[in-house]
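Please open the structure in your viewer and keep the selection panel within reach. The tour moves from one selection to the next, and at each stop it tells you what is there.

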Amino acid sequence: MERDLTEWERIREKGKRHYVAICGIRRGVPMGVVLATVVELILHNPFPEAFGTRDFIFRAFAASVLFSISGAVRAGSRWSSLERRFKK
């Protein structure tokens, strides 16, 4: 519990905006690329050539943006939860 509080204080010093942005990007970009790759596999597009196509880049970008927004919303919720948990 003490270690958790120390970790939370370290995270909290950087601020909510930083936490939400970093957590959103950390979740969104990898998930977007994975989703775009899965779509390419489902569409039976040739690999690795498919990674350089405009369609793949668009899918990866769009999915990364959507997953990053989702990750930011989740991180905002998590921040509120941690604030309540470690309320001073």
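Select residues 2–14 to begin, and you will have helix α1, whose 13 residues reach 19 Å from the first C-alpha to the last, close to the 18 Å expected at 1.5 Å a residue. Bear in mind throughout that this is a predicted model. Just after α1 comes G15, which takes a positive phi of about 100°.

Stay with helix α1 and show the side chains of E7 and R10, which meet in a salt bridge with an N to O distance of 2.5 Å. Why are these two separated by about one helical turn? The reason is that E7 and R10 are three residues apart in helix α1. E7 is partly exposed, with a relative accessible area of 37%, and R10 counts as partly exposed too, at 41% relative accessibility. In general, side chains of opposite charge can pair when their charged atoms come close.

A search of the whole structure finds four salt bridges, and the next selection shows another of them, between the side chains of E83 and R12, at 2.7 Å from N to O. This pair links distant parts of the chain, since E83 belongs to helix α3 and R12 to helix α1, 71 residues apart. Both partners are partly exposed: E83 has a relative accessibility of 24%, and R12 has a relative accessible area of 42%.

Now select E40 and R59, which form a salt bridge whose closest N and O atoms are 2.5 Å apart. E40 lies in helix α2 and R59 in helix α3, so the pair ties together parts of the chain that are 19 residues apart in sequence. Is E40 buried or exposed? With a relative accessible area of 1%, E40 is buried, whereas its partner R59, at 25% relative accessibility, counts as partly exposed.

While helix α2 is in view, pick out T37, which is located in this helix. T37 is buried, because its relative accessible area is 17% and the cut-off for buried is under 20%. If you leave aside the neighbours within four places in sequence, T37 is in contact with F47, F51 and F56.

Move next to H44, in the loop between α2 (16–42) and α3 (54–85). H44 is not a glycine, and yet it has a positive phi of about 60°. It counts as exposed, with 70% relative accessibility.

Select residues 54–85 next, which make up helix α3. How does the distance between the end C-alpha atoms of α3 compare with what its 32 residues should span at 1.5 Å a residue? The expected span is 46 Å and the end C-alpha atoms are 46 Å apart, which agrees. Within α3, colour the buried residues, which are F56, A60, A63, S64, S68, G71, A75, G76, W79 and L82. These buried residues of α3 pack against α1 and α2.

Keep α3 displayed and add the largest nonpolar core, which has seven residues: W8, Y19, V20, A75, W79, L82 and F86. α2 and α3 each supply at least two residues of this core, and α3 gives the most, with three residues. In soluble globular proteins, nonpolar side chains tend to be buried together. To look at this core from one of its members, centre the view on Y19, which touches I11, A75, R78, W79 and L82 when residues up to four places away in sequence are not counted.

For a contrast with the core, turn to the surface and select F61, V65, L66, I69 and V73, which together make a nonpolar surface patch of about 520 Å². One of these residues, I69, is found in helix α3.

The last stop is S80, which is also found in helix α3 and counts as partly exposed at 30% relative accessibility. Use the distance tool between the C-alpha atoms of S80 and V34, which are separated by 29 Å, the two residues being 46 residues apart along the chain.

Notes. Residues numbered from 1 in each chain as written. Predicted model: local features only at pLDDT ≥ 70, side-chain atom pairs only at ≥ 80, totals over all residues. Heavy atoms only, no water. Helix = DSSP H or I, 4+ residues; strand = E, 2+ residues; numbered from the N terminus. Buried < 20%, exposed > 50% of the residue type's maximum accessible area, 1.4 Å probe, protein only. Expected span 1.5 Å × (residues − 1). Patch = residues over 30% accessible without salt bridge, like charges linked within 9 Å, V, L, I, M, F, W, Y side chains within 5 Å. Areas by Shrake-Rupley, 256 points an atom, 1.4 Å probe, with all protein chains shown as cover. Core = buried A, V, L, I, M, F, W, Y, C linked by side-chain atoms within 4.5 Å. Contact = heavy atoms within 4.5 Å.
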